[in-house]
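Student: Could you go through this one with me, a helix to start with and then how the chains sit together?

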Protein chains: 4
Amino acid sequence: MLVILKPDATAEDLERVLGRIESLGGAAEVHRPRQILLAVRGADINPQTLVAMSGVETVQPSAPGYWLASRRAHPEDTVVRVRGRSVGGDHPPVLIAGPCAVETEDQLMRSAEAALEAGAQMLRGGAYKPRTSPYSFQGLGEEGLAMLARVRERLGVPIVTEMRDAATLELFQQYDMDVIQIGARNMQNYEILRRAGKAGRPVLLKRGPATSVEEWLMAAEYVLLAGNPDVILCERGVLPPASVATRYQLDIAAIPIVRRLSHLPVIADPSHAAGARDLVVPLAQAAIAAGAQGLLVEVHAEPCQALCDGRQALEPGQARALMENLRRHGYVPEPAPAASGLVGARVIDWRPS
Amino acid sequence: MLVILKPDATAEDLERVLGRIESLGGAAEVHRPRQILLAVRGADINPQTLVAMSGVETVQPSAPGYWLASRRAHPEDTVVRVRGRSVGGDHPPVLIAGPCAVETEDQLMRSAEAALEAGAQMLRGGAYKPRTSPYSFQGLGEEGLAMLARVRERLGVPIVTEMRDAATLELFQQYDMDVIQIGARNMQNYEILRRAGKAGRPVLLKRGPATSVEEWLMAAEYVLLAGNPDVILCERGVLPPASVATRYQLDIAAIPIVRRLSHLPVIADPSHAAGARDLVVPLAQAAIAAGAQGLLVEVHAEPCQALCDGRQALEPGQARALMENLRRHGYVPEPAPAASGLVGARVIDWRPS
Amino acid sequence: MLVILKPDATAEDLERVLGRIESLGGAAEVHRPRQILLAVRGADINPQTLVAMSGVETVQPSAPGYWLASRRAHPEDTVVRVRGRSVGGDHPPVLIAGPCAVETEDQLMRSAEAALEAGAQMLRGGAYKPRTSPYSFQGLGEEGLAMLARVRERLGVPIVTEMRDAATLELFQQYDMDVIQIGARNMQNYEILRRAGKAGRPVLLKRGPATSVEEWLMAAEYVLLAGNPDVILCERGVLPPASVATRYQLDIAAIPIVRRLSHLPVIADPSHAAGARDLVVPLAQAAIAAGAQGLLVEVHAEPCQALCDGRQALEPGQARALMENLRRHGYVPEPAPAASGLVGARVIDWRPS
Amino acid sequence: MLVILKPDATAEDLERVLGRIESLGGAAEVHRPRQILLAVRGADINPQTLVAMSGVETVQPSAPGYWLASRRAHPEDTVVRVRGRSVGGDHPPVLIAGPCAVETEDQLMRSAEAALEAGAQMLRGGAYKPRTSPYSFQGLGEEGLAMLARVRERLGVPIVTEMRDAATLELFQQYDMDVIQIGARNMQNYEILRRAGKAGRPVLLKRGPATSVEEWLMAAEYVLLAGNPDVILCERGVLPPASVATRYQLDIAAIPIVRRLSHLPVIADPSHAAGARDLVVPLAQAAIAAGAQGLLVEVHAEPCQALCDGRQALEPGQARALMENLRRHGYVPEPAPAASGLVGARVIDWRPS
């Protein structure tokens with residue numbers, strides 16, 4: 001059971017509610033994301049005995065495991081703003097594109113230009129790569145963060161990059177990475193979730209391949225509860241049955257389901273879901289048609305040279321064709337004449353302090 | 001190994017090829033869908049020794065288990081024509097809609113009108129229902145076929161209806177059902193597939209929930225090999241992992257994959273994939289955006305009264321909204337002013353003899 | 001809702017119950033497997049109004065879709081007897097072994113001898129093979145049934161063989177095949193289930209790879225309801241996730257679950273579950289340890305020559321080692337000295353008329 | 001490509017091999033778990049050009065992503081020793097039992113006694129619980145470690161307990177926890193894997209529910225490569241299809257597969273796989289029959305009072321019955337008369353320094 005106190009509840013209100021819970025044989029853990037939340041355990045307490053108390057806003061008797069992430073707690077769509085770009089609500093779908101991994105400054109720069117030419121609003125690229133084998137390329141680490149920061153400076157595009165290890169958060173803050181991505185394997189890495197809740201910047205949270213939508217929202221709750229309201233959810237495919245041809249299987253229905261259950265923006269990553277370049281474009285279109293509020297897509301200047309996941313990276317021409325198609329079907333607006341292409345993207349658009 | 005003879009191969013050509021195969025220690029089974037196909041077994045024969053023989057068109061050394069269904073055999077898209085409607089190729093997506101089961105003539109008539117008003121070009125409805133439990137409603141049987149025939153007469157709309165048992169084919173022919181549907185549970189019922197190959201009318205073949213795209217195309221091959229070239233494939237969702245919320249999981253990527261591997265038209269059934277009304281519309285849009293050439297959707301005049309699968313049937317207003325949305329995004333053309341709505345649909349458009 | 005009448009319910013009892021259901025706005029379908037069962041639909045009838053009526057034994061308000069297959073209907077284990085062999089109850093696990101397909105009489109005879117030497121009590125072998133591709137070997141058909149009958153005559157071993165098409169039942173009866181197997185792809189082929197219910201001999205019903213235990217029991221209910229009480233259930237693996245290495249995945253937990261829900265005997269087919277010879281033995285042992293009442297195992301005199309599924313067939317020595325291991329762990333009794341091996345198996349043990 | 005140098009390779013050998021790789025356009029990362037391993041990238045180098053060089057032991061051209069964990073690198077079974085208990089090789093299966101979470105010292109003590117009476121050789125219990133919702137009981141933290149250490153002192157039983165966050169390793173060392181468990185959600189948490197490689201004590205690594213056996217062995221490789229040779233693998237069930245009744249699905253075939261691919265001991269956790277008490281015993285027996293070298297089982301003195309996962313915890317009597325059954329089938333030896341039960345377990349058996 002969750003007890004949510006009013007924003008103006010007093011210390012006395014809290015004390016009285018805690019006292020009542022204790023007197024009924026229960027115990028409560030106090031959380032203070034903004035308002036006070038009490039997670040009550042250890043007794044069958046009738047919600048009616050608490051809901052009428054001074055300072056209590058509402059009681060969730062059979063909490064689904066998340067509250068801050070739910071639409072009941074926050075009926076309007078959350079819009080996450082990143083250096084002037086907006087993700088969520090009624091904003092047109094955002095394209096986040098770039099290479100899987102940062103390999104060299106030249107590769108990053110050329111891939112970023114290709115992404116921006118296609119219409120990307122943010123650049124993705126990994127400096128710390130979670131790799132199944134310890135013998136695979138693990139990313140450039142801090143050097144990669146530095147390259148991302150320099151490319152941002154030159155192109156004026158915000159950066160989305162993955163934090164693989166909780167211990168590296170300070171580096172991400174030092175290089176002022178704009179959005180911290182939490183990968184699918186780390187969706188239930190609670191140490192990372194809690195740290196991301198203190199990161200002071202938006203978090204892009206991928207869904208784990210074996211988890212339900214509810215479990216995903218509970219993972220987001222860890223971040224929200226630690227004080228960070230800016231979570232972007234990213235569906236990237238679930239574990240498929242052996243009879244399905246793709247590497248993962250995009251759970252298209254999860255998009256409208258999340259939008260009903262939660263106010264957080266939800267985007268899709270068709271690259272990891274497909275695992276094959278030629279399927280990325282149809283999956284991307286399907287995700288947008290089903291209501292996704294953005295796309296996270298791998299684009300590489302020379303996919304066949306990529307050190308990581310080259311098979312699924314779009315070639316620059318494919319990225320442009322994807323956006324062209326989304327425009328033709330009215331999902332993405334035509335760019336204003338003066339601001340089109342790379343020129344527009346170079347306009348530096350600083351994040352408000 | 002498959003050996004495909006030329007359309008004008010002679011009896012002597014066939015005899016010589018069979019002789020060569022035998023002399024090399026193999027055996028061949030002869031199929032005659034149109035051209036002659038030889039399925040060769042029992043020896044490692046070098047394809048080069050056969051490909052140069054008189055009358056041989058091509059040899060498929062490691063046949064994937066289907067040939068007639070493959071794009072290599074038939075590079076152009078197949079367009080299936082049903083009483084003037086066209087499914088496949090570059091034709092706009094076709095909407096096949098109607099109730100899960102035929103229950104009464106009134107229910108069928110009202111649901112058909114709702115479907116046509118929304119823009120449906122064909123009517124679906126089951127007279128023989130495959131039901132998990134023997135105690136569930138099994139369909140009206142022959143009486144249902146008669147009702148479907150009468151509604152077709154009144155509304156001029158072609159009928160798509162499921163054949164559950166191979167033994168009932170003659171009834172489907174007697175009532176001149178326009179398209180014979182083979183359900184997901186029967187996708188590998190070879191007795192039904194072979195009979196459908198002799199049915200003299202198009203077949204709509206659903207994908208089984210545990211089967212791969214290749215296995216599905218091999219099932220289609222049974223129909224094609226028996227002489228029926230008019231197969232419409234229908235993706236209706238695969239078995240999901242326990243972590244996914246929908247009844248089945250629409251395999252969106254299968255749509256572009258099938259279109260690459262095969263020339264047969266492919267449509268999607270979002271109703272069975274979703275199992276819940278509110279998810280049908282986003283899944284339908286996603287399927288079309290990914291390249292589906294039509295939709296098979298359950299629409300019921302009064303879903304909450306349905307004897308079968310009412311939870312997933314669209315209400316009439318939802319069906320109209322679905323088509324409206326597809327038109328707004330340019331997937332389906334605006335109806336010509338004079339031919340819009342039910343009036344246009346009533347124009348009887350007989351199937352060419 | 002199911003209403004079960006007493007064995008001695010009179011025609012008047014039935015009429016009165018039907019009248020009451022009708023007067024309450026419902027309709028009932030009458031089934032007469034042995035006792036009378038009424039499947040009631042179309043109204044919310046309070047079970048209490050029926051349970052007290054004369055002739056009513058019990059009412060199942062929210063029937064799970066099966067009754068005759070349930071342990072509530074039949075608390076004791078069913079033991080299926082086949083020419084003196086017993087499957088189910090507290091009988092030691094039965095071994096049914098033999099080649100995937102009947103290929104030649106010599107291959108069948110030698111594989112049968114290998115199976116019997118290992119300790120098999122019944123011989124398996126397919127004359128009608130359900131094959132994914134129409135170009136694969138489809139089995140010898142009637143000739144295969146004749147070979148099976150002749151091998152039975154020589155070795156005195158009962159035969160288990162698959163019926164792929166409902167239309168062939170009479171041939172199975174003519175050659176007096178002892179147990180009719182219904183394959184996984186046909187588990188929801190209702191035409192076959194209904195015919196098998198009239199076959200006059202035991203039915204071995206495999207679980208479909210995408211179905212739940214409940215759906216499997218409902219499939220068995222079709223057979224039982226048509227009048228055949230002798231159903232042996234066979235778990236053969238479910239559709240695995242892409243991350244699992246085996247062809248299918250043996251659902252070990254389904255074995256104790258079925259034994260709790262149903263009185264029917266349940267055996268396991270580790271050959272199809274594994275898809276690889278070396279995994280058959282550990283899976284077979286696991287199935288027995290979990291409570292399986294028998295095994296269906298592919299054994300081939302020369303697996304590498306098999307026309308079908310040779311990769312998963314045990315070599316004769318592996319089959320002997322499997323049984324030796326089951327004896328060592330006390331799951332299968334040591335053979336009586338005089339009756340061991342092939343000699344004992346040759347003792348012809350006719351099925352009681 | 002992996003290049004493995006001989007144990008006595010010299011610094012000059014290493015330099016020459018690195019030089020050769022560089023001259024061929026590649027780059028190599030040097031690992032020194034015991035012997036030197038070179039992970040080579042960036043060029044197609046013919047293995048023959050390296051294998052003959054001085055100091056090179058072997059070259060793995062297409063490394064599967066793990067080497068130290070493979071049976072090729074280490075043909076004999078690894079036996080992990082924990083305070084005198086042995087896991088792996090031909091040792092009888094080990095039982096690790098205890099409550100899901102440490103709740104109170106009394107609960108822990110009573111559950112530990114129940115586990116030992118049943119025959120457990122190690123005690124499990126979680127002080128840091130990874131929980132899907134931030135509002136669920138997260139474990140007692142350091143207090144729980146202290147309780148585990150005190151119970152070990154009183155009962156002389158080694159402790160297996162989960163490390164949820166990499167940052168807590170020092171606490172686990174300070175309380176001298178005997179075996180560090182890495183849970184399924186953390187199987188690809190590389191920060192934890194690398195730290196566990198430096199922990200100086202055995203690691204029990206659970207398989208993630210969406211991962212393959214190969215991915216699991218690559219996760220183990222991270223631990224081994226960091227210098228810790230004592231890894232126990234634990235199969236705990238994979239993500240099931242929606243048609244399967246259990247919470248996860250024990251991948252029985254993975255047990256013999258792992259034993260073929262790797263030298264590391266493999267045990268099974270039937271409690272999490274089943275998610276229901278009554279299925280734990282048949283799954284445990286199946287796992288042992290398939291070759292598991294131990295069991296990790298939840299046992300709680302009063303399961304219905306448990307704060308976490310009580311539905312799947314065995315009651316004390318069930319735990320005794322499980323071991324009794326394993327003894328009856330010869331999988332576990334009968335206890336020596338004097339050493340049976342709790343008395344024997346109290347004999348403190350210090351880990352050799």
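Tutor: Before we look at a helix, note that the expected span of a helix is 1.5 Å times one less than its number of residues. Keep in mind too that this is a predicted model.

Student: OK, so how many residues does helix 1 of chain A have, and what distance does it reach?

Tutor: Helix 1 of chain A, residues 11-23, has 13 residues, and from its first C-alpha to its last it reaches 18 Å, which is close to the 18 Å expected at 1.5 Å a residue.

Student: And what comes just after helix 1 of chain A?

Tutor: Just past that helix sits Gly25(A), which takes a positive phi of about 95°.

Student: Switching topic: what turn and shift lay chain B on chain A?

Tutor: A turn of 180° with a shift of 0.0 Å along the axis lays chain B on chain A with an RMSD of 0.1 Å, and that is the relation of a two-fold axis.

Student: Which residue of chain B comes closest to the rotation axis?

Tutor: That is Ala286(B), whose C-alpha lies at 2.0 Å from the rotation axis.

Student: How many residues does the contact take from each chain?

Tutor: The contact takes 31 residues from chain B and 31 residues from chain A. On the chain B side, helix 8 (254-261) and helix 10 (277-289) each supply at least two residues, and the largest share, six residues, comes from helix 10 of chain B. The residues on that side of chain B divide into 20 nonpolar, nine polar and two charged.

Student: Why do you say the copies meet through the same surface?

Tutor: Because 100% of the interface residues of chain B are also interface residues in chain A.

Terms used
Residues numbered from 1 in each chain as written. Chains lettered and ligands numbered in written order. Predicted model: local features only at pLDDT ≥ 70, side-chain atom pairs only at ≥ 80, totals over all residues. Least-squares fit on C-alpha atoms with pLDDT ≥ 70 in both. Contact = placed C-beta atoms within 7 Å. Helix = DSSP H or I, 4+ residues; strand = E, 2+ residues; numbered from the N terminus. Nonpolar A, V, L, I, M, F, W, Y, C, P; charged D, E, K, R; others polar.
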